[in-house]
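Reader: Hello! I would like a close look at the place where the ligand sits, and at the parts of the fold around it. Could you walk me through that in one go?

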Amino acid sequence: MEKTWRWFGYNDSVQLSDLRQMGIEGVVTALHHVPNGEVWPVSEILKVKTDIENHGMRWSVVESLPVSEGIKIHSSDYDRLIANYRQSLRNLGQCGIDTVCYNFMPVLDWARTDLQFKLPNGGESMYFDYPTFAAFDIFILKRPDAQKDYPDWMVQKAEAVFSKMSEAEAEKLAHNIIVVTQGFINGTVGDVADYKTVFLGLLQNYSEIDRDGLRKNLSAFLNDVVPVAEEAGINLCIHPDDPPYPVLGLPRIAGTIEDFKWITEQNKSLRNGITFCSGSLSARADNDLVEFVHQLGDRIHFIHLRNTQMLEDGSFYESGHLKGSVDMYELVKALLEEQHRRKAEGRSDYRMPMRPDHGIKILTDYQRQANPGYPLTGRLKGLAEITGLEMGIERALFHQPC
Ligand code: DNO
C-alpha cells in the first residue's frame, strides 16, 4: 500500500518536511480555503501540488472535494453547483491528480459525543455514545419528533444522561457535534452564535427526502460526474457514512456492503469507486469488512485504516489501529491479496493509497495543536503498526512484496 498522510495544508502544525522523515510517500489533502461549491482553480491546485513534489512526495488523494448540500438535496442551485464540481474535477485531472474522495452524508459528516475519552493507559480517544447522542438530539437540539427515532429504552437512557449534564456540558456536546468536528473539513455550519438553529434548518431541508430520495440524488450526481472523471483520468471514491447508520432522522446510504454494491451499480465504470474506511464501516456489527474487500475490492481506490471497539447499544470508541472489533490481520491480508490480483492483471493502480486514520492522543500530542482525531504521534504509531503488519504478511504469504 502507498503510505499516505492527511495533511490539512499550511495551517497544519505538521510540515511537509516532517512527513518525509516519517516515510510518507503521498499526501492526502484538500484546498481547504476554497469555499464549498466553488471551483478549485488550476493555479491553486498547482501551488500545493508543486510544493508537495518539491518535498519528494506526490499529491496522492484529494480528501475531500466536498459535495455541497445543494447537490445532495438537488436544490434549484444544482446546475451551477454540479457545473462547478465537474470543472474542479477537470482542473484536478489537468494537474495530474488521479484520486478524489468525497462523501454523500447529509448535513453532518462524522459524529462523536466525546473528543477526549480517556483510555485506561492515559491516552485520549474519541467516543460515540449512543444515549448521549440521543440526549443531544432530543433534549438539547430539540429536533421536532426526535424521540420517535429511538426505542423507548434509548430515550430513557438519554433522559438519564441529560439529567446529569450541566448547561455548559450540554452546550459543549452540541458545539462538538455541530461545529468542532465539522469545521476543519469544510462543514456546512460555521462557528456562529445560533449554530443550533442553523443546523436545525439544514436538517429540515431533508424532511421530504427519504432513503430512496437520497439514493436518487446520489445516482444523478454520479451520472453527472463519473463521465467527467473518466475523461479527466480520476478515480472517484465515496467515503462511508460515519457512523454507518441513519442519525438525526436523516437518510444515510453508504453504510453496508449492500449500499456500496448499489452505488457501484449506478455506473459500472471503475472510476466510480470507494474509499474503504475500516473505522467507519466497523461501527456496525453486521458489516463483514473482509467480505467487503472480497466483493468490492476492485473499486477500492483509497484506504483508511483504524479500529473501533463496538459496545452493546450501538455505541463505540476508537481503539487504536490494531486492537478492536476489526481483525486487522485478516483485513490487511485481504487488501494485499487485492493488490497482488491487480498487479497480475496488469492494472497500474494496484498500489492503493492508504492512510492511518485518526489516532489516539499520546505523549507529545498533548503539546501540539491538531484537529480532533488527527494527533501526530498517535497516528504515526498507527502507521508504524500497519507498516509492520503489512511487511509480515507480504513476507510470509506472498514472498514478493507488491
Ligand atoms: C474525519 C473523517 C472525515 C472523512 C471525510 C471524507 O476524520 O472521517 O473527514 O474523511 O468525510 O469525505
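Author: Happily! Let us start with Tyr374: an N or O atom in its side chain is 2.6 Å from an oxygen atom of the ligand, which falls under polar contacts, that is, pairs of N or O atoms within 3.5 Å (within protein, one must be able to donate a hydrogen and the other to accept it, and residues adjacent in sequence count only if both atoms are side-chain atoms). The protein covers 99% of the 330 Å² of accessible area that the ligand has on its own, with areas taken from the Shrake-Rupley method with a 1.4 Å probe; for residues, only the protein chains shown count as cover.

A word on the source: this is a predicted model, in which local features need pLDDT of at least 70 and side-chain atom pairs count only at pLDDT 80 or more, while totals for chains, interfaces and linings use all residues. Residues are numbered from 1 along each chain as its sequence is written, and side-chain values use heavy atoms, with hydrogens and water left out.

Now back to the ligand. His358 has a polar side-chain atom 2.6 Å from a ligand oxygen atom, and for Ser64 the distance from a side-chain N or O atom to an oxygen atom of the ligand is 2.5 Å. In total, 14 residues surround the ligand, counted when one of their heavy atoms lies within 4 Å of it. The closest are Glu63, Ser64, Asp109, His358 and Tyr374. The space that the ligand takes is the largest cavity. Here a cavity is a set of points, on a 1 Å grid over the protein atoms alone, where a 1.4 Å probe fits but cannot get out, and a molecule sits in one if more than half of its atoms lie within 2 Å of its grid points.

Glu63 and Ser64 deserve a second look. The peptide bond that joins them is cis, with omega about -10°. Ser64 belongs to the loop between E3 and helix H3 (69–72), where helices (H or I, at least four residues) and strands (E, at least two) are DSSP runs numbered from the N terminus. Glu63 has Cys101 in E4 as its bridge partner. Strand E3 (residues 58–63) and strand E4 (residues 99–102) are parallel and share two bridges; strands pair if DSSP finds at least two bridges between them.

Both strands belong to a barrel that eight strands close in the order E1-E2-E3-E4-E7-E8-E9-E12, with parallel pairing. On average, neighbouring strands of this sheet are turned by 30° against each other, direction ignored; the axes are lines fitted to C-alpha atoms, for helices over the stretch in contact, and angles run from 0 to 180 degrees between N-to-C directions.

Another cis peptide bond runs from Asp242 to Pro243, with omega near -5°. Pro243 is in the loop between strand E7 (235–238) and helix H10 (257–266).

Methods
1 Å grid on protein atoms, 1.4 Å probe; cavity = no way out; pocket = protein on both sides within 12 Å on 5 of 7 lines; lining within 4 Å.
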